[in-house]
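Please walk through this structure with attention to how its helices are placed, what surrounds them, and where the backbone takes less common forms.

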Amino acid sequence: MKIERYERWFLIAVAVALLLAVAALLATIAGEHAAFPESSERIDPALISSTAPFDQPGVYPRDDGGYDVIMIARTWAFEPAEMELPVGATAHFRIASVDVVHGFKIPDTNANAMIIPGQVTELEVTFDEVGPHSVICHEYCGIQHHIMGGVINVVGGEG
Amino acid sequence: MTLLDEPAPIAPEPVPTPTVQRVRSWKIDMPYLTHADLRPVKWHLYLAFIGLLLGVLMGFLQAMERGGANLYDDVPVIETYYQGLTLHGVALALVFTFSFANSFMTLLTMRGFGRPMASRGLLEASLWCGWAGTALAAWAILANKATVMFTFYAPLGATPAFYIGAVLLVVSTWLTLANQLLTLRAWRRDNVGARIPLMSYTSIVTMLMWFLASTGIAVEVLVFLLPWSLGLRDAVDPQFTRILFWFSGHPIVYFWLLPIYVSWYTLLPRQVGGKIYSDGLTRIVFLTFLLLLPVGVHHQFTDPGIPFSSKTIQWLLTFGIFFPSMVTAFSVVAALEQGGRKRGGRGWFGWITKLPWNDPSVAGQLLAGLAFALGGASGLINASYTVNLVVHNTSFIVGHFHLTVGTAVGLSIMAISYWMVPYLTGKQLFAPGLAVAQVWAWFIGVLIFARGQMWGGIDGVPRRTQLRDAVYYGDNDWGTATLFTAVGGLIMFVGGVLFFVVIVGTIFNKRVVSETQVIPVAEIEHGSRSTWRVLDSLGTWTIIAVVLSVVVYGEVLAHYLPLTEVSPPIRPW
């Protein structure tokens with residue numbers, strides 16, 4: 001099959017560009033510890049409020065200096081909806097939905113996850129900027145989806 | 001500096017001179033067709049227009065919401081932002097695109113093979129499935145019984161009519177494929193050893209790709225969601241039904257796009273006076289889409305229940321799609337350049353201004369192609385794994401797909417309609433100058449709109465949200481981006497209204513066409529004589545595509561099973 005000279009060089013250039021992009025992304029995965037949300041356990045949404053640790057949502061200090069954040073998502077609120085964390089702290093979120101699919105997004109951080117009934121969404125977020133951060137449900141979850149939000153206040157002065 | 005003005009090394013294959021057929025009062029270039037063959041093509045196209053009209057009207061309400069004017073209490077039938085948004089998505093992503101594909105791919109299959117479709121019964125059945133499916137889904141949405149978005153993620157539970165409507169819409173596309181394959185078989189009997197004509201080949205691969213891809217949604221709806229909505233199944237696994245959805249949900253974007261590729265590759269060159277660049281590369285591009293079905297997990301990088309390994313494998317496969325897109329960029333632009341130079345264009349860029357910009361069908365597709373360059377680049381950002389964490393489920397994605405499906409596809413469909421409606425009705429195009437203004441309005445509108453959506457998305461604006469009433473709206477600096485979205489959306493709405501002025505004016509035009517209506521079939525620079533024969537073995541490629549999908553998704557399922565069926569249907573609207 002005949003492929004024109006210019007087109008052949010163009011295709012080679014495209015292939016090289018793609019390989020470079022893949023390499024750059026692999027570097028961000030390995031080097032920056034970009035954490036994708038994962039689920040190490042499954043849970044029945046009907047039993048969440050009576051199952052540890054979700055029977056007591058909240059922020060708990062860890063031995064390594066970070067925090068465990070146990071969170072419930074429901075139509076149309078996060079629980080807890082407001083919390084305070086020190087700047088530089090790494091929060092280990094564990095989030096479960098009691099009803100429909102919800103989203104979890106904190107602008108200006110890498111926090112971006114789906115909360116899917118039956119799964120426990122686990123992700124790590126490090127907060128480097130002082131000030132209030134919006135927590136946003138970014139998946140349509142019903143008629144009042146837009147009132148589902150929270151605030152994380154990142155405060156300075158630690159360490 | 002000219003790249004492409006050398007004479008062709010292989011003599012171009014002649015396009016047979018069409019003999020003329022009279023369809024009622026006007027003449028077309030397919031002597032073997034009667035009105036009964038064209039009527040379903042026309043009514044599929046009209047169904048596409050109904051989908052577009054509903055989508056454009058809902059788009060107006062959404063743009064006004066972004067501008068700060070919530071009109072949902074003032075308009076009839078549509079009660080809420082989310083009900084309107086569901087109608088917007090279903091009408092455009094399913095009805096508009098599917099119906100156009102049924103119409104256009106059928107027409108070009110007949111033109112490519114030089115014969116009518118093998119089965120009139122299948123033509124009619126496909127048409128009725130499309131209309132009935134649309135009616136059922138529209139009723140469910142308008143009655144506020146299915147405010148679930150076009151993705152209908154469980155456990156959001158719609159009324160059964162919504163799922164049945166979606167199934168019928170998909171079945172209408174399967175019937176079109178079945179008819180194409182029967183026609184291929186009949187054509188092969190009469191043309192032993194001949195190459196499948198490029199136009200028919202690309203039309204069939206488009207529908208074949210979607211048939212394989214749609215099996216995910218078919219299983220999701222028929223095995224899980226429909227029985228669940230009927231009360232025959234107590235609970236479903238929302239993570240698993242999402243996996244099934246996105247198995248189809250990525251290739252559905254190929255299905256939106258490929259009919260437009262058929263136009264860009266096999267028709268647009270003729271419309272500008274150029275030639276199709278390479279028969280072989282065109283076939284390879286279409287086959288690549290058939291093979292790269294199993295990439296849906298790249299829409300689920302942030303899903304908790306899918307392991308890192310599956311996300312990584314499908315991310316890498318996703319990058320493969322960039323390759324046929326760049327081949328297309330080269331080949332289509334080469335054909336355009338050739339046309340522009342034949343029309344007297346000089347220099348690096350002079351050929352661009354010589355293209356027939358005063359032809360609305362050409363201008364619309366050229367602008368659609370420009371939008372696709374931006375849309376494709378933003379798509380690469382979405383697919384870029386770690387970068388996806390910034391943009392997933394934000395309005396960046398909305399900006400992206402209004403450039404791709406909303407404009408590369410949507411504006412191309414409008415532009416193609418400018419020759420297709422006169423072809424199918426025998427009426428002259430109404431107000432061609434207005435049609436040129438229409439495609440520019442849409443294009444300028446979408447650039448402003450997408451700029452707003454993408455800017456906002458990078459700053460955290462969520463998609464699918466009644467934004468101006470969101471509790472966190474005032475805490476974030478999203479005002480300018482939201483204004484861009486509103487203004488751009490309203491300009492797109494003007495473009496949409498102008499389209500319906502031109503099309504309705506054409507359908508009811510008193511002035512009929514005098515000359516024979518001709519589908520602009522392009523000649524091929526490097527024709528099928530120099531193309532590998534194996535590209536025509538569609539059965540073999542289908543088997544390879546199925547095996548690849550089974551292997552890649554087998555890896556996902558091996559990690560995922562058994563199911564966690566815990567969710568009853570919920571209606572939080």
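In this predicted model, helix α8 (residues 251-266) of chain B is largely enclosed by the rest of the structure, because 15 of its 16 residues are buried. From its first C-alpha to its last, α8(B) reaches 22 Å, close to the 22 Å expected at 1.5 Å a residue. The helix nevertheless carries a kink of about 30° at B:Leu257, shortly before the proline B:Pro259.

Helix α7 (residues 238-249) of chain B is likewise largely enclosed by the rest of the structure, since 12 of its 12 residues are buried. Among these buried residues are the aromatic side chains of B:Phe240, B:Phe245, B:Trp246 and B:Phe247, and also B:Arg242 and B:Gln239. What packs against the buried residues of α7(B) comes from both chains: β7 (112-115) of chain A on the one hand, and α5 (198-213), α6, α8 and α19 (538-560) of chain B on the other. The span of α7(B), with its 12 residues, is 15 Å from the first C-alpha to the last, close to the 16 Å expected at 1.5 Å a residue.

One of these neighbours can be described more fully. Helix α6 (residues 215-229) of chain B packs with α7(B) at an angle of about 145°, the two axes lying 6 Å apart. On the α6(B) side the contact is made by B:Thr215, B:Gly216, B:Ile217, B:Val219, B:Glu220, B:Phe224 and B:Leu225, and on the α7(B) side by B:Phe240, B:Thr241, B:Leu244, B:Phe245, B:Phe247 and B:Ser248. By character, the residues of this contact divide into 8 nonpolar, 4 polar and 1 charged.

From single helices we turn to the nonpolar cores. In soluble globular proteins, nonpolar side chains tend to be buried together. The largest nonpolar core here holds 198 residues, of which A:Phe93, A:Phe104, B:Leu107, B:Phe162, B:Tyr261 and B:Met420 touch the most other members. Helix α2 (residues 81-113) of chain B gives the most to this core, with 18 residues. Apart from this core lies another, of 12 residues, among them A:Leu18, A:Leu25, A:Phe36 and B:Tyr385. As for A:Phe104, when residues up to four places away in sequence are not counted, this side chain's residue touches, among others, A:Met71, A:Phe78, A:Phe93, A:Ile95, A:Leu123, A:Val135 and A:His138.

Two members of the 12-residue core, A:Leu18 and A:Leu25, are also among the buried residues of α1(A), which include A:Glu7, A:Leu11, A:Val14, A:Val22 and A:Ile29 as well. An α-helix has 3.6 residues a turn, so residues three or four places apart point the same way. The cover over the buried residues of α1(A) includes β3 (276-278), α10 (279-291), α11 (308-320) and α12 (322-342) of chain B. The 27 residues of helix α1 (residues 5-31) of chain A should span 39 Å at 1.5 Å a residue, which agrees with the 39 Å between its end C-alpha atoms.

The loops hold several backbone features that deserve a look. Most residues other than glycine have a negative phi, and most peptide bonds are trans. In chain A, the peptide bond from A:Glu79 to A:Pro80 is cis, with omega near 5°, and A:Pro80 lies in the loop between β3 (77-79) and β4 (82-86). In chain B, a cis peptide bond joins B:Ala154 and B:Pro155, with omega about 5°, and B:Pro155 is found in the loop between α3 (120-142) and α4 (160-190). Positive phi values occur at B:Val77, where phi is about 70°, in the loop between α1 (35-67) and α2 of chain B, and at B:Arg464, where phi is near 55°. B:Arg464 belongs to the loop between α17 (432-458) and α18 (479-507) of chain B, and with 9% relative accessibility this residue counts as buried.

Two further loop positions close the walk. B:Pro307, in the loop between α10 and α11 of chain B, counts as buried because its relative accessibility is 19%; B:Pro307 and B:Val556 are 249 residues apart in sequence, yet 7.8 Å apart in space, C-alpha to C-alpha. B:Lys354, in the loop between α13 (350-353) and α14 (360-383) of chain B, counts as partly exposed at 40% relative accessibility. Leaving aside neighbours within four places in sequence, B:Lys354 is in contact with B:Gly340, B:Arg343, B:Gly344 and B:Gly345.

Methods: Residues are numbered from 1 along each chain as its sequence is written. Chains are lettered from A and ligands numbered from 1 in the order in which they are written. This is a predicted model: local features need pLDDT of at least 70, side-chain atom pairs count only at pLDDT 80 or more; totals for chains, interfaces and linings use all residues. Side-chain values use heavy atoms; hydrogens and water are left out. Axes are lines fitted to C-alpha atoms, for helices over the stretch in contact, and angles run from 0 to 180 degrees between N-to-C directions. Helices (H or I, at least four residues) and strands (E, at least two) are DSSP runs, numbered from the N terminus. Contact means heavy atoms within 4.5 Å. Ala, Val, Leu, Ile, Met, Phe, Trp, Tyr, Cys and Pro count as nonpolar, Asp, Glu, Lys and Arg as charged, and the others, Gly among them, as polar. The expected span of a helix is 1.5 Å times one less than its number of residues. The bend at a residue is the angle between axes fitted to the seven residues ending there and the seven starting there. Buried means under 20% relative accessible area, exposed over 50%, partly exposed in between (1.4 Å probe, protein chains only). A nonpolar core is a set of buried Ala, Val, Leu, Ile, Met, Phe, Trp, Tyr and Cys residues joined through side-chain atoms within 4.5 Å.
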